[in-house]
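Subject: Model for you to look over

Dear colleague,

I am handing over the structure we talked about, with the sequence alongside. Please keep it open while you read the notes that follow.

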Amino acid sequence: MTTTAAHVQIAPSVLAADFGRLAQQVRDAEAAGADLIHVDIMDGRFVPNISFGEVVVDAIRGATDLPLNLHLMVHEPDRLLPGLMKSATDQVLVHAEACAHLHRTIGYIKEQGCHVGVAINPATPIVAVEEVLPDLDIVLVMTVNPGFGGQSFIPSALGKLRRLYRIIEENGYATQLEVDGGVKADDTARDSVSAGAGILVAGTAIFNREQSVAEAMAAMRESVAGLTPGNA
Ligand code: DX5
Ligand code: ZN
């Protein structure tokens, strides 16, 4: 039984957007066929960078009806969750490495009616999420070390994706796999989908100076045309 969605979802990451016209960039992504909007919250502690918080999430929420795929790169996210989830009531992803009581945090997010995901860094093994896998809507396999856009895809993440995909399939879980970091309209996207990813996050591949958002989205869609997650 195939439990993952066959349609590959593309989630532009607004971290790479022009923040001077953030709402317009989000609308451009929606008009170009984005499935989700990926929103990166960085605290300067879990990752060596600070992005933005609740106020900007509210602005993004106001600009689109698409689900927000909220990626919290935040140490002990529990304090921030109530405020962030007021406006981003779609998909909330916390890092396994950042939560002392991951099971409790997952439960809290689910109680608020949100889809819940857990992200793991390139060096974090699958066992960090295995015990909670049946509870998860999404596992986000980081394909860069989190903190910055525009980094190179780490190919060894593909093996981890494949192994996770197999565990999810064998157990009949409904968990989707997501990749984030260095994903372009090339083999990085294709190989990720073949390895099992159903959600592709892309920052600089979608928001850049070389292409319009529509052109970049079309190229990304074209790069995975005909592929379904896990069809390796
Ligand atoms: C990185 C963030 C990513 C980032 C990806 O830590 O979590 O979502 O925006 O950017 P690209 O696609 O440029 O690697
Ligand atoms: Zn992210």
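By contact I mean heavy atoms within 4.5 Å, and that sense of the word is kept throughout this message. Please also bear in mind that this is a predicted model, and that the values below were computed from it.

Strand β1 and its surroundings

With that meaning of contact, and leaving aside the neighbours within four places in sequence, Q9 touches D35, L36, Q176, G198, I199 and L200. Q9 itself belongs to strand β1, and because its relative accessible area is 18%, which is under the 20% limit for a buried residue, Q9 counts as buried. Strand β1, covering residues 9–12, pairs with β8 in the parallel sense over 4 bridges, and within that pairing A11 stands opposite V201.

Strand β8, residues 199–202, sends the side chains of I199 and V201 one way and those of L200 and A202 the other way, and all of these residues are buried. That pattern is what one expects, because in a regular strand the side chains alternate between the two faces of the sheet. Strand β8 also runs parallel to β7, to which 2 bridges join it, and here V179 is the residue that stands opposite L200. Between these two strands the chain passes from β7 through helix α7 (residues 187–195) to β8, in a β-α-β crossover that is right-handed.

The zinc site

Which residues coordinate the zinc ion (ligand 2)? The ion is held by H38 through NE2, D40 through OD, H71 through ND1 and D180 through OD, at 2.0 to 2.3 Å. The 6 donor atoms around the ion subtend angles of 72 to 174 degrees, and the arrangement is therefore octahedral. If you are looking for the site in the sequence, the spacing of the donor residues reads H-x1-D-x30-H-x108-D. Two of these donors link distant parts of the chain, since D40 sits in strand β2 (residues 37–42) and D180 in strand β7 (residues 176–180), 140 residues apart. Both D40 and D180 are buried.

Strand β2 is mostly covered, with 6 of its 6 residues buried; I37, V39 and I41 point one way from it, whereas H38, D40 and M42 point the other way. The strand is joined by 6 bridges to β3 (residues 68–73), and the two run parallel, with H38 opposite N69. To get from β2 to β3 the chain goes through helix α2 (residues 54–63), and this β-α-β crossover is right-handed.

Individual residues to look at

Is T105 buried or exposed? T105 lies in helix α4, residues 102–111, and is buried, with a relative accessible area of 1%. The side chains of T105 and D78 are joined by a polar contact of 2.9 Å, and once the neighbours within four places in sequence are set aside, T105 is in contact with D78, L81, V94 and C99.

E76 is located in the loop between β3 and α3, and has a positive phi of about 45 degrees although it is not a glycine. At 27% relative accessibility, E76 counts as partly exposed.

D28 is placed in helix α1, residues 22–31, and is likewise partly exposed, with a relative accessible area of 26%. Leaving aside its neighbours within four places in sequence, D28 is in contact with R21 and V213. The C-alpha atoms of D28 and S212 are separated by 8.9 Å, although the two residues are 184 residues apart along the chain.

Lastly, G226 lies in the segment after α8, and at 79% relative accessibility it counts as exposed. Its C-alpha atom is separated by 22 Å from that of A31, and the two residues are 195 residues apart along the chain.

With best wishes

Technical notes. Residues numbered from 1 in each chain as written. Chains lettered and ligands numbered in written order. Predicted model: local features only at pLDDT ≥ 70, side-chain atom pairs only at ≥ 80, totals over all residues. Heavy atoms only, no water. Donors = N, O, S within 2.8 Å, 3.2 Å for Na, K, Ca; no water. Tetrahedral: all angles 85-135°; square planar, octahedral: opposite > 155°, others 65-115°. Buried < 20%, exposed > 50% of the residue type's maximum accessible area, 1.4 Å probe, protein only. Pairing = 2+ DSSP bridges. Right-handed = clockwise from strand over helix to strand, strands pointing away. Polar contact = N/O pair within 3.5 Å; in protein donor to acceptor, adjacent residues only side chain to side chain.
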